[in-house]
Amino acid sequence: MEHRHLYTNGFSRTASSRPPRREQLTQQLTPISPRADSLIDQIIPKELLLRVFSFLDILSLCRCASVSKYWNQVALDGSNWQRVDLFSFQTDVKGPVVENLSKRCGGFLKSLSLRGCRCVTDAALKMFAQNCHNIVALNLNGCTRITDATCQSLSHYCSRLQKLDLDSCLNVTDHSLTALSIGCQNLSEITVAWCNLITDNGVRILTTGCTRLASFIARGCHQLTDSGFKHLGHNCPDLRIVNLHGCTSVTDETIISLSVGCRNLRTLCLSKCFGLTDASLVHLGQGCHQLRTLEVAGCSQLTDSGFQALAKNCHGIERLDLEECVLISDATIGHLALNCPHLSKLSLSHCELITDEGISHLGGSMCAAESLTVLELDNCPLITDASLNHLNVCLNLQRIELYDCQLITHTGIHRLKTQLPNVRVHAYFAPVTPPPSVGGGRRRLCRCCVIL
């Protein structure tokens, strides 16, 4: 009787019998049926194969789709394509690719990233919106050919959209924000960085319809002013993240509005907002006690008094970027060291009034021993090796920046590395000027003279 099993396990063996030899095992193994490999698709249930494929990336799924017709059907099943990131293929992604993808995925697709896909147009995204109406997160960062028509399509078909990234979509205007405020009122995160055609009126209309916003990023939007940003504080109380980096028209009025209306604000980037004063820090300290990250690089009007008011109330601060806050001194570091035990990343680059005394405050604080991981001291001309000695207790320190700290020496760095062997020290030492040549030899020509 012919056996159809892959392997037989009918070895009869008594206690006194010897173990079967390799030749015997070979003879007793029933040969695999020529049709067995073709039946593997019947052995593995489709549900199990779908589950396995769900862990694969795009490239692996495409390879599996080339194995057989059955695997092609399973690999390209819409349930395997709920989250798609085409950034790695951005130069090859054109309109038809997005259209075909949307047809295959349909309502399964929840998250799509087309970051950097500059060839994608409004027409392709209109078909995408029609087919993938359950989309929750859409990244169009750098899709420079899209216009307001795309946001109008999203508004019409994708009411469940929650996250939208329009970074560097240069043709997007207020009409896009108007459409989103009407049809995408579940929006919680939006990025319009470098969309320089957007004005205060667009922000006003957006915040009127999308009141659930938790993240608003408008980095580099030079047309936006306090008149637009004040509506964030009035209409979006759930805001957690606000990035206004480089919005040079922002003043204390915007920050006061946010501190009053957005009590749960956790991340605030105001770098290069040159018009801010200590009044902003005072109001943040009064209203935003949950603040964890504050970036105010280049805000040169901020002083020790403002940071004292902030540190007294915002004890949970973890990251501070104070680069080029040229008026702050050791007093600011003292307030942070005393009141912010969770401080992990601190940038003091170009703060030229900082001395070893300020770093000694930091080294003696609770955050030094438990939290501090990154310290940037570039271009702090008064810092010496004594500061590095104060940092020996920072056991979790991972990186320290010391570029152009001219009073820091190789010896000081070596001593720090001995105490903290895992710390990365970034420093630059100018090459030693060679001594003048001795003797009355002939003067050498410079390179320019040689060329001429």
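The following dialogue examines why certain terms are applied to this predicted model.

Student: What kind of model is this, and how are its residues numbered?

Tutor: It is a predicted model in which local features need pLDDT of at least 70, side-chain atom pairs count only at pLDDT 80 or more, and totals for chains, interfaces and linings use all residues. Residues are numbered from 1 along each chain as its sequence is written, and side-chain values use heavy atoms, with hydrogens and water left out.

Student: How many helices and strands are there in the chain?

Tutor: The chain has 20 helices and 14 strands. Both are DSSP runs numbered from the N terminus: helices are H or I with at least four residues, strands E with at least two.

Student: Why is Phe216 called buried?

Tutor: Buried means under 20% relative accessible area, exposed over 50%, and partly exposed in between, with a 1.4 Å probe and protein chains only. Phe216 has a relative accessible area of 1%, and therefore counts as buried. This residue belongs to strand β6 (residues 215-217).

Student: Which residues does Phe216 touch, leaving out those up to four places away in sequence?

Tutor: Among them are Ile190, Val192, Phe229 and Leu244, where contact means heavy atoms within 4.5 Å. Ile190 is 26 residues away from Phe216 in sequence, yet their C-alpha atoms are 5.4 Å apart.

Student: Is Ser153 buried or exposed, and how do you know?

Tutor: Its relative accessibility is 9%, so Ser153 counts as buried. Ser153 lies in helix α8 (residues 148-157); beyond its neighbours within four places in sequence, Ser153 is in contact with Lys126, Ala129 and Cys158.

Student: What makes the buried residues of α3 line one face of the helix?

Tutor: In α3 (residues 46-53), the buried residues are Leu49, Leu50 and Phe53. Seen down the axis, they fall within an arc of 100°, so they line one face; the arc is that of the directions from the helix axis to the C-beta atoms. On the other side, Glu47 and Arg51 are exposed. The buried residues of α3 pack against α4 (58-65) and α5 (69-75).

Student: Why is α9 called roughly parallel to α10?

Tutor: Helices α9 (residues 174-183) and α10 (residues 200-209) pack at about 10°, with axes 8 Å apart. Angles under 35 degrees count as roughly parallel, over 145 as roughly antiparallel, 65 to 115 as roughly perpendicular and the rest as oblique. The pair α9 and α10 is therefore roughly parallel.

Key:
Axes are lines fitted to C-alpha atoms, for helices over the stretch in contact, and angles run from 0 to 180 degrees between N-to-C directions.
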